[in-house]
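Hi,

Here is the model I promised to pass on. Have a look at it first, and my notes follow underneath.

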2 protein chains.
Amino acid sequence: MKIAVLGTGMVGQTIGSKLVALGHDVKMGAREAANEKATGWAKKAGARASHGTFSEAAAFGEIAFNCTSGAASLKALEAAGAANLEGKVLVDIANPLDFSHGMPPSLFAGNTDSLGEQIQRAFPGVKVVKALNTINAEVMVNPARVAGGDHTTFVSGNDAGAKRNVTELLNGFGWKHVIDLGDISTARGTESYLPLWLRLWGVLGTADFNIKVVR
Amino acid sequence: MKIAVLGTGMVGQTIGSKLVALGHDVKMGAREAANEKATGWAKKAGARASHGTFSEAAAFGEIAFNCTSGAASLKALEAAGAANLEGKVLVDIANPLDFSHGMPPSLFAGNTDSLGEQIQRAFPGVKVVKALNTINAEVMVNPARVAGGDHTTFVSGNDAGAKRNVTELLNGFGWKHVIDLGDISTARGTESYLPLWLRLWGVLGTADFNIKVVR
C-alpha cells in the first residue's frame, strides 16, 4: 500500500521504517521538502522510502499517519491539504502535550475535547482513527518488546471500516489485543491516559512498558 | 485499628465493610449523624461498625478514608475538621468527576492540578495518600474478582511512611501489585486515567476490570 507518514521525529521514523519493512511504499512528509531528518530517513530506509512536503506525502498516501507533535498537528494537516486527505484514513498518533507548565507535560486537550476530535472537526471528509498514542514508538511497532506482546492498545473513530483497516495494520505490527473504544470522542480516554503513562515512565525508568486490560 | 470512613455511598460502604471484616473498628462519617445510609450500614455491618458526623468519625479514626464524591470532598473534610485529622493518614479515593458537561463525566482537576493536591494543600498537617481511585469499589476490596488479582493499583503521596501504611492495608485487601508513583502531584496521573476507565466500562459492559502494568 502507498502510505503517508506526516512528521519526521522518532514516531514518524519508527512507524515509517516498520511500514517499509512490511512491504509498503512510504513517503515521509515534512514542512519543507529538503527537511534533513526526512532526507536522512529516506536514504537509509530503502527503495520503498521517499520524502516530500506534507502536501506531496498526503497526495501520495492511500492512508496517512499523523506523527507530528500534538501542538503542530492541525497546522501540519492544513499544509497536507484537505483535498489530498479527502476520503482517506488518517491514523492520529499525536498527543496534545503542553510543555508550557514544565515537566512532565500537561495536556491542552483530552478532557471536554480531544486532539482527535479537533482534527476530525477540521477535516470532516477524513476518516480519523486515534491509535497507538498510549505507547512508546518502539513498542508501537514491536509490541513483543514488552511481556511477549500480551498487552492492550486502542482505536477510536467514527468510521467502522476505517477502524477495521487500522486494526489490521496494528495486527501486522504484532498487536493481539486491540480494543475499539467507540467514536472519535473516546480519544479523550486515551489522550487523558498520558499523564499516567508519563508518571509510570518516571517510576519504571524505561519506556518499554504498557498496560494490559484484564477482566 | 480505629478507622474513619468519610462518605456513605457505594465506595464508603464497601470499604467500611471490608475493614470491619478484617477486624478493624470503623466509624462511618456523614454530614448529619442521623444519615440513613450510615445508620443502615452500621446496623448490618456488625459490632465493630458505628457511625456519626464527619467530625466524630475523623476524631475516632487513627487513619481516615475519603470516600466522598470528588466535588464534595473539600467541604466534607472541612466538616471533619483539620484538628481531628492532624498528623493522620488520609487515603483519598475520590475522583474529580464533573457531571456538568453530560455523560460520561469529565474532570474538574487532574491536568495541571489534582484533587489529591487540593486536599493536601488545604490540610497541610494531614498525610494524604491517593489510592484505589482507578477501580470499581468491589474490585478495590477484592482484587481477585478480576484475573485472579493479577493487576495493578497505585499510591501517590508526600510521606513515605504513610504510603507504606496504605500499601500494607492494600496488601490486606488482596493487592499484590502496588506501584508507588511518587509525591502527591502524581495523583494527576491516576485521576487523569478516569476518562479511559469510563470508556472501557462502556465498551466492556462491566466494572469488573482493571489494568495491569506490564514490562
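Chain A has 10 helices and 11 strands; helices (H or I, at least four residues) and strands (E, at least two) are DSSP runs, numbered from the N terminus. Before you dig in, some housekeeping: this is a predicted model, where local features need pLDDT of at least 70 and side-chain atom pairs count only at pLDDT 80 or more, while totals for chains, interfaces and linings use all residues. Residues are numbered from 1 along each chain as its sequence is written, and chains are lettered from A and ligands numbered from 1 in the order in which they are written.

**Overall build**

The C-alpha trace of chain A spans about 40 × 35 × 35 Å along its principal axes. Its radius of gyration is 16 Å, which agrees with the value near 17 Å for a compact globule of 215 residues. That radius is taken over C-alpha atoms, and the globule rule is 2.2 Å times the number of residues to the power 0.38. Buried residues make up 54% of chain A. Here a residue is buried if 20 or more other C-beta atoms lie within 10 Å of its own, exposed if 12 or fewer, and partly exposed in between, with C-beta atoms placed from the backbone. Of the chain A contacts between residues at least 6 apart in sequence, 71% join residues at least 24 apart; a contact means that the C-beta atoms, placed from the backbone, lie within 7 Å.

**How the two chains meet**

A turn of 180° with a shift of 0.0 Å along the axis lays chain B on chain A with an RMSD of 0.0 Å. That is the relation of a two-fold axis. The superposition is by least squares on the C-alpha atoms of residues with pLDDT of at least 70 in both copies.

At the interface, 34 residues of chain B are in contact with 34 residues of chain A. On the chain B side, β7 (106-107), β10 (177-182), α9 (187-192), α10 (194-204) and β11 (210-214) each supply at least two residues, and α10(B) gives the largest share, 8 residues. By class, that side has 16 nonpolar, 12 polar and 6 charged residues. The classes are: Ala, Val, Leu, Ile, Met, Phe, Trp, Tyr, Cys and Pro nonpolar; Asp, Glu, Lys and Arg charged; the others, Gly among them, polar. The copies meet through the same surface, since 100% of the interface residues of chain B are also interface residues in chain A.

There is also strand pairing across the interface: β11 (residues 210-214) of chain A runs antiparallel to β11(B), joined by 5 bridges. Strands pair if DSSP finds at least two bridges between them. In this pairing A:Ile211 stands opposite B:Val213.

**Inside chain B**

β1 (residues 2-6) is mostly covered, with 4 of its 5 residues buried. It runs parallel to β2 (residues 25-30) through 5 bridges, and B:Lys2 stands opposite B:Asp25 there. β1(B) also runs parallel to β4(B), with 4 bridges, and B:Ala4 is opposite B:Ala64. In turn, 4 bridges join β4(B) to β5 (residues 89-92), again parallel.

In a regular strand the side chains alternate between the two faces of the sheet. In β4 (residues 63-66), B:Ile63 and B:Phe65 point one way and B:Ala64 and B:Asn66 the other, and all are buried.

Helix α1 (residues 10-21) is largely enclosed by the rest of the structure, as 9 of its 12 residues are buried. Just after α1(B), B:Gly23 takes a positive phi of about 95°.

**Backbone spots to check**

- A cis peptide bond joins A:Met103 and A:Pro104, with omega about -10°; A:Pro104 lies in the loop between β6 (97-98) and β7 (106-107) of chain A.
- B:Met103 and B:Pro104 are likewise joined by a cis peptide bond, with omega about -10°.
- B:Leu132, not a glycine, has a positive phi near 65° and is buried, with 27 other C-beta atoms within 10 Å.
- B:Ala147 has a positive phi of about 50° although it is not a glycine; with 16 C-beta neighbours inside 10 Å, B:Ala147 counts as partly exposed.

Cheers

Notes
Two residues are in contact if their C-beta atoms, placed from the backbone, lie within 7 Å.
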